[in-house]
Amino acid sequence: MARRLRMLKRRRAFHLRRVMLAAGLWMKLRKRRRCAPRQNPSSPLHATRKADAMDDVEDVMEGAPSDDEIEQLPRGPVRSRRPPSRVVKATAEGKPFDEGEVQCGPKPRKIVLLRSVFEGRPPVVLFSYTQACCAEQRPMDRAVPADEDGPRMFYSHTDAVHQYNAVINILRHGGLYRVRAETNRWTVMWSLHPTPEQLRRFTPVQRANHFPGSFHLGRKDLIWRNLAKMQQRFGKEYQISPQGYILPKAFLAWDAARLRQPEALWIWKPCSQSCGRGITVFSSDVPEDQLRELSKKRGIVQRYIPNPLLIGGRKFDMRVYVVVVSYDPLKVYVNDEGLVRFATEPYSDSVDTLQSRMMHLTNYSVNKQSPAFVQNLDGQGAEDKEDAAIDEAGQPKASKWSLTELKIHFEREGLNFGAMWESMKDLVIKTLISVEEPLKAEWCKTLGCEDGGWSARGPGGAQRSSCYEIYGFDILVDETLKPWLLEVNICPSLSSGSPLDKRIKTKLVADVLTLVGVHPPTALWQLSPDSVHWPVTGSLPIMDENEAASGCLLSEEEMAKRARRIASCESPADALSLFDDIAWELCVVAHEEDMRSGGLMRAFPCPHAARYAHYWDEESYCNIVLRKWQEAGGGAIFRSKKLPPWVPRQVCFNKT
Ligand code: ADP
């Protein structure tokens, strides 16, 4: 027996060595491939992707070989430890598949399901944090391990985008296996914007990390065009970004503005570049040759904010992570943690200093070149974790802070962080409303259904919540504590270059995937009956996962009719009494999301959502329903006993 065990151990060690050898070779190949990324320079996303890759140089893989590496391994003796007789052969859609197509990994992944807070509703996959990212784990009391013999779940990560460890580690940690996008067996896709062909093939449970057409938000000229339109209609309340002029078209308008404001400073930026590339700062007194150049060059010129809030004499900006779960209804979450990036030279608004990039630009990629740049170790090694980046005089010791560190600084200085944060959320909501119309048009165009609005569905089942997106809002706070939007990154860097970045970004990815709701195949949650709070009384219908994911199925006109009736109600209680099953389904889904949002805080819909209603040409049915629900008390109303019988009973009240 002992001899047999020794032999088995030796055989395992032999196979492990083979695996590691093959993985090492594959790593080298991949490194070479990474050095020559396939990019289309004319693509509006080109610049953002390049920025991500540049910021990611210090990124390192965590432990085991990746799925790609495993895929390349010799299949022969390396077998899954899953007993072959008990493998359930079903895809994410529940269809049978050929086991040979799937990579044989050395270790089966474990899926953990998160029970709904409502009775009788299916769970979602829980993406917990990796230990290596050092984030404090979220409460796990609703977590249920999925049956190991259940069907596998898959993700696809294409080569079109940079491969961040934060993303790959969380997807694998969540128990998903990697497949190629073409197989369409994935439930989660991490890539660029879905193409029309891809979107038409989407099934209702597949989720992708981009909306078609979000370059309307990510390109500096397009976002300004959208904001300027709103500014023209609503005036001062939409002054959330510095006045801009898209050159060369608006050259004459800018020239006139410059002459009117001789004291002003200006900043010129290329439209689709990032990392501070090509940016120049100058005064209104522009030499003739520079004027001639500006009159021809494509870019945007903006009013330079001359009075930024300074910390320790240095300029800083905030990187705020914003997640849009859907545009209709507009559901927006803001991450409670983000980054603060400092310039490495003390600030001056003297025109003689305008050439100094390390004084006027706060980009990490610019300032990390400075000898004065100090990495933030996120309290690792320091006695007091929260104070690690602040010295005795309250000045920045590190060149990057977390938002928590900024909040501590505000409190110390007697500055109102809460008020600034509220204005920042207002800026985020207004920005997203300003791009909703062009994004809706892109959604319809991509699905070949020009007049369908957000109700347009793909032939395979793509629907309004098939896509979600993580945005990096770059925000500058001036000395009056007014936040100004500088730009929105639609592919924010998720690199883990420092312990601080690693913690924040890995947790962000996990929280986003849990929030948007990755639905396990029915076979998997039915094999794990503890994953659902079964109804104790009555016979509530268990929602089909496709139904739960799809939201509204009504036409735009029908929705508009119902919307007008609900909107015309004076009191929220009257509005609630008009809610049909579709309206309640919207509220239940939104509340389920809230209850599993981790560090992501809902910014919209909010109790004061009525303030924003007039910014839409016509407020949609879904937005009206969620607004009225919020006005009536939001999640708290699920504690009431007087709800219609088809509304599921909330049985769990702990947020995860
Ligand atoms: P990029 O995409 O190249 O990073 P940004 O618009 O974010 O371009 O600008 C880079 C940096 O320049 C910002 O981080 C900020 O420090 C500074 N900056 C940009 N616009 C302004 C402005 N209008 N006023 C003051 N500083 C600005």
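Two strands count as paired when DSSP finds at least two bridges between them. In this predicted model, strand 4 (residues 153–157) and strand 5 meet that criterion, with 3 bridges in the parallel sense. Within this pairing, Phe154 stands opposite Tyr177 of strand 5. Helix 4 (residues 165–173) packs on the sheet. The helix touches strand 4, strand 5 and strand 6, and its direction makes about 170° with that of strand 4.

The sheet itself is open and has 4 strands. Their order is 5-4-6-7, and the pairing is parallel. Strand 5 and strand 7 are the edge strands, each pairing on one side only. Phe154 also takes part in a contact with a charge. The charged end of Arg185 sits over the Phe154 ring, 4.9 Å from the ring centre. A similar arrangement is found at Tyr364, where Lys400 lies over the face of the ring at 4.1 Å from its centre.

A second open sheet also contains 4 strands, here in the order 8-11-9-10 and with antiparallel pairing. Strand 8 and strand 10 (280–283) stand at the edges. Each has a single partner strand, so one side of each is left without a neighbour in the sheet. Neighbouring strands are turned by 25° against each other on average, with direction ignored. Strand 9 (residues 265–269) pairs with strand 10 in the antiparallel sense over 4 bridges. Leu265 stands opposite Ser283 in strand 10.

Two helices contact this second sheet. Helix 8 (residues 251–260) packs on the sheet and touches strand 8, strand 9, strand 10 and strand 11. The direction of helix 8 makes about 140° with that of strand 8. Helix 7 lies across strand 8, strand 9 and strand 11 (299–303). Helix 7 runs at about 130° to strand 8.

Helix 7 also meets helix 13 (residues 417–446). The two axes come within 9 Å and cross at roughly 105°. Angles of 65 to 115 degrees count as roughly perpendicular, so helix 7 is roughly perpendicular to helix 13. On the helix 7 side, the contact involves Ile223, Asn226, Leu227 and Met230. On the helix 13 side, Thr431, Ile433, Ser434, Val435 and Pro438 take part.

Aromatic contacts were examined next. The structure holds 24 aromatic pairs. One of them joins Trp186 and Phe202 in an edge-to-face arrangement, 5.3 Å centre to centre with 80° between the planes. Trp186 lies in the loop between strand 5 (176–178) and strand 6 (188–190), and Phe202 in the loop between helix 5 (196–201) and strand 7 (207–208), so the pair ties together parts that are 16 residues apart in sequence. Both Trp186 and Phe202 are buried.

Another edge-to-face pair is formed by Tyr238 and Tyr615, 5.0 Å centre to centre and again with 80° between the planes. This pair links distant parts of the chain, 377 residues apart. Tyr238 is in the loop between helix 7 (220–234) and strand 8 (244–247). Tyr615 is in the loop between strand 19 (600–604) and helix 20 (621–631). Residues under 20% relative accessible area count as buried. Tyr238, at 0% relative accessibility, is therefore buried. Tyr615 counts as buried because its relative accessibility is 5%. Both tyrosines belong to one aromatic cluster, together with Phe234, Phe604, Tyr612 and Trp616.

Helix 20 has 10 of its 11 residues buried, so it is largely enclosed by the rest of the structure. Among the buried residues are Tyr621, Ile624, Leu626, Arg627 and Lys628. Gly633 follows helix 20 and has a positive phi, near 130°.

Trp629 lies in helix 20. Its relative accessible area is 0%, so Trp629 is buried. Trp629 and Trp584 are 45 residues apart in sequence, and their C-alpha atoms are 9.1 Å apart in space. Leaving aside residues up to four places away in sequence, Trp629 touches Leu576, Phe579, Cys587, Ala590, His591, Asp594, Gly634, Gly635, Ile637 and Phe638.

Note on methods
Residues are numbered from 1 along each chain as its sequence is written. This is a predicted model: local features need pLDDT of at least 70, side-chain atom pairs count only at pLDDT 80 or more; totals for chains, interfaces and linings use all residues. Side-chain values use heavy atoms; hydrogens and water are left out. Rings of Phe, Tyr and Trp (its six-membered ring) pair if their centres lie within 6.5 Å; planes under 30 degrees apart count as stacked, over 60 as edge-to-face and the rest as tilted. Buried means under 20% relative accessible area, exposed over 50%, partly exposed in between (1.4 Å probe, protein chains only). A charge sits over a ring if NZ of Lys or CZ of Arg is within 6 Å of the ring centre and within 35 degrees of the ring normal. Contact means heavy atoms within 4.5 Å. Axes are lines fitted to C-alpha atoms, for helices over the stretch in contact, and angles run from 0 to 180 degrees between N-to-C directions. Angles under 35 degrees count as roughly parallel, over 145 as roughly antiparallel, 65 to 115 as roughly perpendicular and the rest as oblique.
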